[in-house]
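Visitor: Please take a close look at a single part of this model, the second of its chains, and set out how that chain is built and where it meets its partner.

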Amino acid sequence: MSGHTVRIELTVNGQQREAQVHPMTRLLDVLRENLRLTGTKEGCGEGECGACSIFINGELVNSCLVPAIQVQGAVIQTIEGVSSSKKYGSKLHGVQEAFLGWGGAQCGICTPGMIMAAVHLIENTLDPTTITENQIRTALAGNLCRCTGYTKIFEAVQKACHLPGSKA
Amino acid sequence: MTQALERSDYHRKQKRFAHENVTSPIKKGIGLASFMHGSGFTGSGEKILASVVGVEATSGGLVRILAASTEIGQGTNTIFSQIAADTLHLDYDSIEVAQPDTSQVPNSGPTVASRTCMIVGKLVESACISLKQTLISAGLLKENYSPTEFRKACSDYHQKFGPLKLFSKYQQPPQIGWDDVKYQGDAYGAYAWAVYIAEVSVDTRTCEVQVKDFVALQEVGKVIHPILAAGQIEGGVAQGIGYALYENVVWKDGRMANGQMTNYIMPTAADVPLIRVFFEEVPYAYGPAGAKGIGELPMDGPAPAILSAVENALGITGLNQIPLLPENLMLRHRSSR
């Protein structure tokens with residue numbers, strides 16, 4: 001892309017970051033290329049698969065569909081921030097623990113997005129222990145997975161709802 | 001078969017659905033498929049390939065598996081480490097799997113054909129037995145040993161003889177024979193067997209099919225890692241559900257015309273039922289710890305089980321095309337009335 005670039009300032013995983021990019025650069029590329037946060041994956045690049053899911057101001061968003069100019073001043077959380085955020089110290093989030101323990105990941109491409117979607121569900125539910133299987137299905141319906149058949153992912157998220165590391 | 005029928009409550013459901021379907025616009029049905037899938041390459045494939053696996057032990061007693069199989073999330077590195085740890089009576093953590101770079105590891109063939117566990121895993125096992133025997137023959141290790149004694153033996157071996165590296169090459173089990181000229185004989189050394197039962201609901205207004213329950217019962221020999229093995233089955237069944245109901249490859253001028261997630265529809269978390277996986281374990285003598293192949297098996301059963309369930313729901317026969325898209329079923333359903 002030619003043309004002028006702009007300076008984008010944003011908070012990523014609690015840190016002030018900036019990038020000099022074309023205004024229409026995808027947020028996904030700003031994260032991966034400019035900020036070197038390669039935990040967020042590109043699946044389809046057209047907003048269908050959810051692999052690039054992140055939080056913008058607390059909302060779950062496909063970062064492949066967001067132009068950089070739109071996140072000027074925004075607060076962003078990526079998969080890297082799920083485990084290292086001050087809230088959890090250096091420990092893994094309950095969702096990450098559960099994915100490890102119950103076989104929630106295979107090839108790994110969908111995993112960061114799946115975890116973001118599950119964390120979003122759990123952290124936005126007052127009492128995560130009340131979350132039903134149907135709520136989990138609905139919450140993860142925007143994240144495609146080719147390997148697991150979702151079953152182990154549902155099991156992992158169900159377990160995570162009851163782990164202390166998942167409390168909002 | 002008996003177990004799968006019981007687990008799915010097949011007969012009772014069939015009766016109940018027949019009764020309920022009379023008055024409901026949403027018809028329910030249940031169907032099954034019994035099938036098998038050969039493990040390893042077909043015919044003389046494995047004999048010609050003659051795969052090789054190596055193991056080496058460092059002077060510190062760390063064991064490295066040298067194989068060309070690629071870890072793609074299916075669990076190759078985990079099961080190879082388990083097989084080696086079990087064979088050598090060591091901790092899982094003292095086993096390492098080398099990167100599958102054939103400048104560093106021998107050619108153990110491609111990661112395909114439901115062969116990694118049964119064929120390559122068996123070579124891991126036999127290479128580990130050779131490693132153990134080498135240390136025992138050198139008088140450095142007793143038959144029964146502790147991990148500490150193993151480490152000491154490795155260290156002593158390195159001092160006396162140098163690097164400790166053993167290889168194992170595929171040998172066809174004696175009872176298997178394949179004639180490449182007549183194209184007859186045993187196509188595979190072993191088969192994985194399965195009975196899959198699908199329960200569906202068909203909305204007769206929209207002709208949309210939903211899979212409501214899925215029982216996947218199989219015999220894949222000894223299960224090496226229950227979570228990973230179930231993960232292979234669940235993933236394969238979900239792909240099979242897509243194959244049966246959604247995934248329509250449209251070709252145009254030699255290219256796929258719908259090669260996007262927007263128009264090539266695969267199952268989402270909302271489309272896949274809880275897949276109930278059960279294993280019967282009948283050890284196979286020529287697999288590691290009795291294991292056979294698993295990877296491709298679960299792709300074979302869902303489509304016939306689902307189509308048979310749709311036939312059961314609608315009281316029709318002869319559905320023989322997949323994917324069974326709503327528009328296809330609508331044409332078929334209307335013409336049969």
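Guide: What follows goes through chain B, then turns to its partner.

This is a predicted model, in which local features need pLDDT of at least 70 and side-chain atom pairs count only at pLDDT 80 or more, while totals for chains, interfaces and linings use all residues. Residues are numbered from 1 along each chain as its sequence is written, and chains are lettered from A and ligands numbered from 1 in the order in which they are written.

Chain B has 10 helices and 12 strands; helices (H or I, at least four residues) and strands (E, at least two) are DSSP runs, numbered from the N terminus. The C-alpha trace of chain B spans about 85 × 50 × 45 Å along its principal axes. Of the 337 residues in chain B, 44% are buried. A residue is buried if 20 or more other C-beta atoms lie within 10 Å of its own, exposed if 12 or fewer, and partly exposed in between, with C-beta atoms placed from the backbone. Two residues are in contact if their C-beta atoms, placed from the backbone in the same way, lie within 7 Å. Among contacts in chain B between residues at least 6 apart in sequence, 77% join residues at least 24 apart.

Chain B is divided into domain 1 (2-40 + 188-335) and domain 2 (45-169), with bounds that come from an automatic or database domain assignment. The C-alpha centres of these two domains of chain B lie 37 Å apart. Contacts between them involve 19 residues of domain 1 of chain B and 18 residues of domain 2 of chain B. On the domain 1 side, β1 (26-39) and α7 of chain B are the elements that give two or more residues. That side of domain 1 of chain B holds nine nonpolar, eight polar and two charged residues. Here Ala, Val, Leu, Ile, Met, Phe, Trp, Tyr, Cys and Pro count as nonpolar, Asp, Glu, Lys and Arg as charged, and the others, Gly among them, as polar.

Helix α5 (residues 116-137) of chain B has 22 residues and should span 32 Å at 1.5 Å a residue; its end C-alpha atoms are 30 Å apart, which agrees. The expected span of a helix is 1.5 Å times one less than its number of residues. Because 16 of the 22 residues of α5(B) are buried, this helix is largely enclosed by the rest of the structure. After α5(B) comes Gly139(B), with a positive phi near 75°.

Next come the strands. Strands β8 (residues 190-203) and β9 (residues 208-219) of chain B run antiparallel and are joined by 11 bridges; two strands pair if DSSP finds at least two bridges between them. Val200(B) stands opposite Val211(B) in β9(B). The two strands form a hairpin with four residues between them, and Cys207(B) in the turn has a positive phi of about 60°. On β9(B) there is also a parallel pairing, six bridges to strand β12 (residues 275-280) of chain B, where Glu219(B) has Glu280(B) as its bridge partner.

Two backbone details deserve a note. Most residues other than glycine have a negative phi, and most peptide bonds are trans. Asp9(B), in the loop between α1 (2-8) and α2 (10-21) of chain B, has a positive phi near 60°. With 15 C-beta neighbours inside 10 Å, Asp9(B) counts as partly exposed. A cis peptide bond, with omega about -5°, joins Ile322(B) and Pro323(B). Pro323(B) is placed in the loop between α9 (302-314) and α10 (326-335) of chain B.

Last is the meeting with the partner chain. Chain B brings 20 residues into contact with 20 residues of chain A. Helix α7 (residues 226-245) of chain B gives the most to the chain B side, with seven residues. By class, the chain B side has 12 nonpolar residues, seven polar and one charged. The largest nonpolar core has 143 residues, and those with the most contacts inside it are Ala118(A), Val124(B), Ile306(B) and Val310(B). Such a core is a set of buried Ala, Val, Leu, Ile, Met, Phe, Trp, Tyr and Cys residues joined through C-beta atoms within 7 Å. Leaving aside neighbours within four places in sequence, Ala118(A) is in contact with Val95(A), Ala139(A), Leu140(A), Val157(A) and Ala160(A).
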